[in-house]
Amino acid sequence: MALFRQDDKKDKAEPMKAEPVKAEPVKNEPAGKSITIVGTGCEITGDMTPGGNIEIYGKVKGNINAGAFKVSVMEKGVIEGDVTAEHVSINGLMMGTCCAKNTEILQKGELNGVCRAEAFSIITGGRFTGQSEPYKSNKVNPDIVVAGKEKTINQK
C-alpha cells in the first residue's frame with residue numbers, strides 16, 4: 001500500500017517568497033484612552049508618570065503623578081506613596097498623600113494619610129485615617145509670576 005502517488009509530486013507548489021512589508025506608522029491613541037494596569041502579584045518600586053489612567057491591582061511603592069488622569073486602586077491593590085491626579089478612586093489600600101480634584105473611597109477602600117481634594121467622598125464601609133486639607137492645584141497663575149519668579153500677593 002502506497003501512501004503517495006506519483007502524480008502528487010507534480011501538484012506541489014514551489015515555496016512562496018516573502019515580500020517586504022511596508023510598515024505604516026502607528027497612530028498614537030488620544031490622551032485618556034490609554035490605561036496602565038499594574039496586575040495582581042506585580043510590585044513596582046519607584047515613581048510613576050503614566051500617560052493615561054492607571055489601575056492598580058498589585059502594589060506600588062513610590063509616587064504617582066497622573067496629572068489630568070484617573071488613578072484607581074482596585075480591591076486588592078496597594079499604594080505606598082503620594083498620588084497626584086485629577087480623580088482618585090480607592091477600593092484597596094493607599095498610604096500617603098492624595099492630591100486630586102475628586103477623591104472617593106469605596107466600600108472596601110482605605111486611605112491612611114493626607115487627603116487634599118475639592119470633592120471628597122467616603123462610601124459606607126470605606127475608611128479614612130488621617131488629615132483632610134484644602135485642594136491646591138499645581139498650576140501657576142501667570143499673574144503672579146514676574147521674571148521667572150513668583151511674587152507674593154497681599155490678599156485682603
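**Entry 1: β8 and β9.** I began with strand β8 and looked up how it pairs with strand β9, which covers residues 93–105. I found 7 bridges joining the two strands, and they run parallel. For a handhold within this pair, I picked Val88, which stands opposite Thr103 in β9. A reminder to myself: this is a predicted model.

**Entry 2: β8 and β6.** Next I turned to strand β6, residues 70–73. How many bridges join β6 to β8? I noted 4, with the strands running parallel. Val88 turned up again here, since Val71 stands opposite Val88 in β8. My sketch therefore shows Val88 with Val71 on the β6 pairing and with Thr103 on the β9 pairing.

**Entry 3: β8 and β5.** Strand β5 is written down as residues 64–65. I found 2 bridges from β5 to β8, again for strands that run parallel. In this pairing, Ile64 stands opposite Val83 in β8.

**Entry 4: cover on β8.** Is β8 mostly covered or mostly open? I see that it is mostly covered: of the 8 residues in 83–90, 6 are buried.

**Entry 5: a surface patch.** I then left β8 and went to the surface. Which residues form a nonpolar patch there? They are Ile35, Ile37 and Tyr57, and together they have about 280 Å² of accessible area. I traced Tyr57 to the loop between β3 (53–56) and β4 (59–61). Tyr57 has a relative accessible area of 30%, so I marked this residue as partly exposed.

Technical notes: Residues are numbered from 1 along each chain as its sequence is written. This is a predicted model: local features need pLDDT of at least 70, side-chain atom pairs count only at pLDDT 80 or more; totals for chains, interfaces and linings use all residues. Side-chain values use heavy atoms; hydrogens and water are left out. Buried means under 20% relative accessible area, exposed over 50%, partly exposed in between (1.4 Å probe, protein chains only). Two strands pair if DSSP finds at least two bridges between them. Patches are made of residues with over 30% relative accessible area and no salt bridge: like charges are joined within 9 Å, nonpolar side chains (Val, Leu, Ile, Met, Phe, Trp, Tyr) within 5 Å. Accessible areas come from the Shrake-Rupley method with a 1.4 Å probe; for residues, only the protein chains shown count as cover. A salt bridge is a side-chain nitrogen of Lys or Arg within 4 Å of a carboxyl oxygen of Asp or Glu.
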